[in-house]
Amino acid sequence: MSRRITWEDASCPIARAADVLAEPWTLLILRNATAGTTRFEDFRTQLGIADNVLTTRLAKLVERGLLTKLPYRDGGRTRYEYRLTKAGSDALPVLHALGAWGDAHTSSENAYGPMQLVHCSCGELTRPGEKCDACGKPLIRDDLAWRGSWLSEGEIPLADPVG
């Protein structure tokens, strides 16, 4: 079911962002892409999402420039990977803010603890920002990982955008 209205031309930037990000499954697809998921089958398995819904959401994320679709060969068939673009990568602060809000204002017996951001260089927890809370070095995307929350174990490094 699609929305009856669109906010893509709204004067409010929150409305325009909601037009892109607020559809069901979109934020979870971006979360998993940020954690390195690239293939349709992996999104489907990890999220438990129906094929038709996943196909529609991935197409919209490609159309809106948050993901790019890259071919790869699987045996004799050409299939596609979905990689974050700069725009998709720039949604990271939104994901962090939603994770922090969810940790503070919701609960689940199934959670693996709060969503944490790890600065890989020093191995310490930090908050999103310019510099590591522990060591003071600049935070760069390829030196960060997520721990806890929806992850069953360990840490997951953040995927770099294509291009």
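**Group meeting: a walk through a predicted model**

Let's start at one residue. Threonine 38 sits in the loop that joins helix H2 (26–34) to helix H3 (40–47). Keep in mind that this is a predicted model.

Is threonine 38 buried or exposed? Its relative accessibility is 15%. Buried means under 20%. So threonine 38 counts as buried.

What does threonine 38 touch? Leave out residues up to four places away in sequence, and the list is Phe43, Tyr80, Glu81, Tyr82 and Arg83.

Now step back to the whole protein. How many helices and strands are there? The protein has 6 helices and 6 strands. Read them from the N terminus and the order is α-α-α-α-β-β-α-α-β-β-β-β. The radius of gyration is 17 Å, and the globule rule gives 15 Å for 163 residues. Those values are close, so the protein is as compact as a globular protein of that length. Along the principal axes, the C-alpha trace spans about 45 × 45 × 35 Å.

Next, inside and outside. Of the 163 residues, 34% are buried. The exposed area is about 10000 Å², and 52% of that comes from carbon and sulfur atoms.

What about contacts along the chain? Take the contacts with a separation of 6 or more. In 45% of them, the residues are 24 or more positions apart.

Charges, quickly. There are 20 positive side chains and 21 negative ones. The centres of the two sets lie 5 Å apart.

Now a record. An unreviewed UniProt entry annotates residues 12–110 as "domain: HTH hxlR-type". In the model, that span is 58% helix and 16% strand. Its end C-alpha atoms are 36 Å apart.

Let's look at helix H1, residues 13–21. Which residues of H1 are buried? They are Ala15, Asp19, Val20 and Leu21. And what do the buried residues of H1 pack against? They pack against H2 and helix H6 (92–105).

Between H1 and H2 there is a loop, and tryptophan 25 lies in it. Look at its backbone. The phi of tryptophan 25 is near 85°, a positive value in a residue that is not glycine. For context, most residues other than glycine have a negative phi. Tryptophan 25 has a relative accessible area of 30%. That value falls between the cut-offs of 20% for buried and 50% for exposed, so tryptophan 25 is partly exposed.

To recap the two loop residues: threonine 38 is buried, and tryptophan 25 is partly exposed. Thanks, everyone.

Definitions and conventions: Residues numbered from 1 in each chain as written. Predicted model: local features only at pLDDT ≥ 70, side-chain atom pairs only at ≥ 80, totals over all residues. Heavy atoms only, no water. Helix = DSSP H or I, 4+ residues; strand = E, 2+ residues; numbered from the N terminus. Rg over C-alpha atoms; globule rule 2.2 N^0.38 Å. Buried < 20%, exposed > 50% of the residue type's maximum accessible area, 1.4 Å probe, protein only. Contact = heavy atoms within 4.5 Å. Areas by Shrake-Rupley, 256 points an atom, 1.4 Å probe, with all protein chains shown as cover. Lys, Arg positive; Asp, Glu negative; His and termini not counted. Charge placed at Lys NZ, Arg CZ, Asp CG, Glu CD. UniProt positions renumbered as here; feature names shortened; annotations may be inferred.
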